[in-house]
Amino acid sequence: FLEAKNGRALIADEMGLGKTLTAIAWLTLHPEKRPAIIVCPAHLKLHWEREIRQASPHAVNTQILFGTNTNVPLTGDVIIVNYDILFNHYEDVPTTTGKVRKKEIPHTGWVDFLIALQPQVLVIDEAHYCRSNKALRAKATRKLAKKTPHVIALTGTPIVNRPIEGFNIIRLIDPSIFP
């Protein structure tokens, strides 16, 4: 299915059915599509690295990003980053009407540095973390997905409470479905 969709798909299998392995298999099948970015919760970063090393027949150069020190050179073919350090920070800016709006401060999170690498594949693990349109992690993930040709979203629970929660996940994969 993932191959038929050219690497743009939502894999929403139940826990334990191999979503991670499916994404790694697709990455292994397409070594020319590098760099690849994996966005996941912080507690899964080491798990992803271990699974890549076990499942990939070739030595894949993986790099895990920790913290907000963005002076670290990005050298991995597969870069693993967690949601909490992906997004840029925002500042309050007063408008002429007296209201305050949020303005993104570029290069204060990893997202702009990762976009500059021109990633070919974005794997979004636990994609239901991006269900809220206003969440900073969802905004950063969407910004990264817009610049990436292949987006693979993985989640066992694509919709937690209401059908609208699937909207953002589907837009990450294929924005033409809901223009």
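Helix 5 (residues 136–146) keeps a good part of itself out of solvent: Ala 138, Ala 140, Thr 141, Arg 142, Leu 144 and Ala 145 are buried, where buried is under 20% relative accessible area, exposed is over 50% and partly exposed is in between, using a 1.4 Å probe and protein chains only. Helices here are DSSP runs of H or I with at least four residues, strands are runs of E with at least two, and both are numbered from the N terminus. The cover over these buried residues includes strand 2 (36–40), helix 3 (83–86), helix 4 (111–116), strand 7 (121–125), strand 8 (150–154) and helix 6 (165–173). This is a predicted model, with local features needing pLDDT of at least 70 and side-chain atom pairs counted only at pLDDT 80 or more, while totals for chains, interfaces and linings use all residues. Residues are numbered from 1 along each chain as its sequence is written, and side-chain values use heavy atoms, with hydrogens and water left out.

Lys 139 also belongs to helix 5, but this residue is partly exposed, at 32% relative accessible area. The charged end of Lys 139 sits over the ring of Tyr 90, 5.5 Å from the ring centre; the test asks for NZ of Lys or CZ of Arg within 6 Å of the centre and within 35 degrees of the ring normal. Leaving aside residues up to four places away in sequence, Lys 139 touches Tyr 90, Asn 133 and Lys 134, a contact being heavy atoms within 4.5 Å. From Lys 139 to Asn 168 the C-alpha distance is 9.9 Å, with the two positions 29 residues apart in sequence numbering.

As for aromatic rings, the whole structure gives 2 pairs. Trp 110 and Phe 113 make an edge-to-face pair, at 6.1 Å centre to centre and 65 degrees between the planes. Rings of Phe, Tyr and Trp (its six-membered ring) pair if their centres lie within 6.5 Å, with planes under 30 degrees apart called stacked, over 60 edge-to-face and the rest tilted. Trp 110 is buried at 1% relative accessibility, whereas Phe 113 is partly exposed at 24%.

Turning to empty space, the largest pocket holds about 280 Å³. On a 1 Å grid over the protein atoms alone, a pocket is an open set of points with protein on both sides within 12 Å along at least five of seven lines, a cavity is a set where a 1.4 Å probe fits but cannot get out, and lining residues have an atom within 4 Å of a point. Grid points are joined across faces, edges and corners, and a volume is the space filled by probe spheres set on the points. The pocket lining has 15 residues, with Met 15, Gly 16, Lys 19, Thr 20 and Glu 126 nearest the centre. Glu 126 lies in the loop between strand 7 and helix 5, and its phi is near 55 degrees, a positive value in a residue other than glycine.

There is 1 cavity of 30 Å³ or more, with a volume of about 50 Å³. Its lining consists of Ile 24, Leu 27, Thr 28, Arg 34, Ile 52, Ser 56, Val 60 and Val 78, and helix 1 (residues 19–29) gives the most, with 3 residues. The peptide bond from Arg 34 to Pro 35 is cis, with omega near 0 degrees.
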